[in-house]
2 protein chains.
Amino acid sequence: MTNTKNEQILAASIDEFTEAGFEDARMDSVAARAKVSKRTVYKYFEGKEALFRAIVDQRVSNFHTGPDIRFDAARPIRQQLWTLAATEGKLFVSSDFMNLLRLVAREADRFPGLAADLSARIDKRAAFRRFFAEAIDAGALKARDPALVADQFLGLLKADAFWPKLHTGGEIDEASMRAIITGAVDLIITGYKAD
Amino acid sequence: MTNTKNEQILAASIDEFTEAGFEDARMDSVAARAKVSKRTVYKYFEGKEALFRAIVDQRVSNFHTGPDIRFDAARPIRQQLWTLAATEGKLFVSSDFMNLLRLVAREADRFPGLAADLSARIDKRAAFRRFFAEAIDAGALKARDPALVADQFLGLLKADAFWPKLHTGGEIDEASMRAIITGAVDLIITGYKAD
DNA sequence: CATTCAGTAAACTCAGCAGTTTATTTTCTG
DNA sequence: CAGAAAATAAACTGCTGAGTTTACTGAATG
C-alpha cells in the first residue's frame with residue numbers, strides 16, 4: 001500500500017525546494033502543490049527540515065554508483081578511460097543530478113551532515129585512484145603518483161562541466177561534454193603513456 | 001578626511017558577514033562590533049543589502065589582476081607556465097580571497113549581479129586562451145585548440161585547490177598547491193610539447 | 001551661550017512565515 | 001449505517017529580525 005499523500009507531499013516538496021531553495025520554500029506552497037492541507041503535511045513529516053532531508057534521501061538513492069570501477073588488463077586503456085569518463089559525464093549532463101547537488105550545496109550550512117554525506121557518496125576519487133594504481137601496475141600507463149593522475153583526470157572532467165554549472169544553474173550539453181572527455185582522455189594518455 | 005565611523009562599520013560588517021553569511025548576519029551585531037549605535041549604521045548605509053554590496057566592492061578592488069598575461073617567445077615555456085600557475089595559485093592560498101568568494105557564492109541568489117560580476121572579474125580564461133594561442137603560434141607548444149588547452153590548464157589548477165575549498169571552507173596549503181602546479185605544468189608540457 | 005549636528009540607547013513597529021488550533025467534512029471499516 | 005480515523009480550511013500564535021522612532025547627550029561653530 002503505497003501511501004499516496006506521502007508521495008504527493010514528497011513530489012510537491014521536490015518541486016518547491018528545487019525551485020526556491022530551502023529558505024524561500026513555503027510550507028503553504030508545498031501543501032498547495034501537493035493538493036493537501038497544511039495540517040496533513042505536518043502529519044506526515046515533522047517539519048520543514050525533516051521534509052528537506054526526506055527528499056534528499058529519496059533522490060540520493062537514485063544515484064547509487066553503478067558497477068565497480070576496475071582496471072581490466074585485457075581492454076585497451078583508452079577505451080577504459082573513455083568508459084570511466086562517460087559514466088561520470090552522464091551525471092553532469094543530468095539535470096536531476098545537478099539540481100539535487102545545487103539544492104544541497106546551497107544549504108550546506110544548515111545541513112552540514114547532509115552535504116558532507118552527499119559529497120562523500122558522489123566522490124569517485126578513491127575508485128579512480130585504485131583504477132590508476134592498477135593500470136600503472138599493469139604497465140598500461142607510466143606515472144609515479146597514481147593519486148595525482150586520478151585527481152588530474154577527474155579535475156579535467158569536472159573543470160568546465162561540473163563546478164561552474166553547480167553554481168550557475170543549467171547543465172552542460174552532451175556535445176561539449178564529449179569534447180571535454182576526448183580532451184581529457186587524450187591528454188592523460190599522451191602525458192602518461194607507457195613507452 | 002577619512003570617516004572613522006564609516007570605516008568602523010565596514011570593518012565590523014566584513015567580520016560579521018564573513019563569519020555568519022548574509023542571512024545570519026545581524027544588524028545589531030554589526031552595530032555592536034563597530035561600537036556604534038544601530039541608528040548610525042543606517043545613517044551611513046541604506047540597509048543590510050547596501051552594506052553587503054559596499055564590503056564586497058571594497059574587497060574586490062584588492063584583487064585587481066596584476067600585470068598582463070602575455071606569451072614571451074624569449075623565455076622557456078615551462079618557466080612561463082609556472083609563473084602563470086603560481087600567480088593564480090597564490091590567490092587560492094589567500095584566505096582573504098577565498099573568504100570573499102565564499103561569501104558572494106553563498107549569496108549568488110540574492111545578489112545575482114554581484115556574483116556574476118565578481119566571477120567575470122576573476123575569470124582568467126580569456127587571458128589564458130590568448131597566452132596559449134600565442135604560444136602555439138610561436139611553436140612553443142603544439143595543439144589544435146588553444147582554448148581547450150587553456151581550459152585544461154586552469155581546470156588542473158582549480159580542480160583540487162579552488163573548487164572544493166570554495167564549498168568546504170579553509171584554504172589549501174602552499175606545499176599541496178606547489179604539487180598541483182608542478183603536476184599541471186608537467187602534464188600540459190608533455191601532452192602538448194612541440195616535437 | 002545657544003544652536004546645530006552627529007551620535008546614543010532602548011523601545012517600538014511591522015511583516016513574514018513555521019507550526020498549531022478549531023470546527024467541519026470526507027472516507028474507511030466492521 | 002454508525003462511529004472512528006483521516007483530512008480539510010482558515011484563523012490564530014509566536015517568534016525573529018530589519019528598520020524606525022523617541023528622548024537624550026555632548027561636542028563644535030560662530
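This report describes a predicted model of two protein chains, A and B, with DNA strands C and D.

Residues are numbered from 1 along each chain as its sequence is written, while chains are lettered from A and ligands numbered from 1 in the order in which they are written. Because the model is predicted, local features need pLDDT of at least 70 and side-chain atom pairs count only at pLDDT 80 or more, whereas totals for chains, interfaces and linings use all residues.

## Chain A

Chain A contains 11 helices and 0 strands; here helices (H or I, at least four residues) and strands (E, at least two) are DSSP runs, numbered from the N terminus. The order of elements from the N terminus is α-α-α-α-α-α-α-α-α-α-α. Along the principal axes, the C-alpha atoms of chain A fill a box of roughly 70 × 30 × 30 Å. Of its 195 residues, 34% count as buried. A residue is buried if 20 or more other C-beta atoms lie within 10 Å of its own, exposed if 12 or fewer, and partly exposed in between, with C-beta atoms placed from the backbone. Two residues are in contact if their C-beta atoms, placed from the backbone, lie within 7 Å. Among contacts in chain A between residues at least 6 apart in sequence, 67% join residues at least 24 apart.

## Relation and contact of the two chains

A turn of 180° with a shift of 0.0 Å along the axis lays chain A on chain B with an RMSD of 0.1 Å. The two copies are thus related as by a two-fold rotation axis. Gly191(A) has the C-alpha of chain A nearest the axis, at 2.5 Å. Copies are superposed by least squares on the C-alpha atoms of residues with pLDDT of at least 70 in both. The same surface serves both copies, as 100% of the contact residues of chain A recur in chain B.

The contact takes 20 residues from chain A and 20 residues from chain B. On the chain A side, the elements that give two or more residues are helix H1 (4–24), helix H9 (146–159), helix H10 (163–168) and helix H11 (174–192). H9(A) supplies the largest share, 8 residues. By class, this side has 8 nonpolar, 7 polar and 5 charged residues. Ala, Val, Leu, Ile, Met, Phe, Trp, Tyr, Cys and Pro count as nonpolar, Asp, Glu, Lys and Arg as charged, and the others, Gly among them, as polar.

## Nonpolar core

A nonpolar core is a set of buried Ala, Val, Leu, Ile, Met, Phe, Trp, Tyr and Cys residues joined through C-beta atoms within 7 Å. The largest one has 63 residues, and those with the most contacts inside it are Phe153(A), Leu157(A), Ala184(A), Phe153(B), Leu157(B) and Ala184(B). Among the elements that give two or more residues to this core are H9 and H11 of chain A, and helix H9 (146–161) and helix H11 (174–192) of chain B. H9(B) gives the most, with 9 residues. Leaving out residues up to four places away in sequence, Ala184(B) touches Ala85(B), Phe153(B), Leu156(B) and Leu157(B).

## Phe17(B) and helix H6 of chain B

Phe17(B) lies in helix H1 (residues 4–24) of chain B. Phe17(B) is buried because 23 other C-beta atoms lie within 10 Å. Apart from neighbours within four places in sequence, Phe17(B) is in contact with Phe22(B), Ala25(B), Phe52(B), Ile55(B) and Leu103(B). Phe17(B) and Leu103(B) are 86 residues apart along the chain, yet their C-alpha atoms are separated by 7.5 Å.

Leu103(B) is one of the buried residues of H6(B), together with Leu100(B), Leu101(B), Val104(B) and Arg106(B). These buried residues pack against H1, helix H4 (48–60), helix H7 (112–122) and helix H10 (163–168) of chain B.

## DNA strands

A residue is near a strand if its C-beta atom, placed from the backbone, lies within 6 Å of it.

| Strand | Nearest of the 15 residues around it |
|---|---|
| DNA strand C | Met27(A), Gly47(A), Lys48(A), Ser37(B), Thr40(B) |
| DNA strand D | Ser37(A), Arg39(A), Thr40(A), Gly47(B), Lys48(B) |

H3(B) gives the most to the surface near DNA strand C, with 4 residues. For DNA strand D, H3(A) gives the most, also 4 residues. The surface near DNA strand C divides into 3 nonpolar, 3 polar and 9 charged residues, and the surface near DNA strand D into 3 nonpolar, 3 polar and 9 charged residues.
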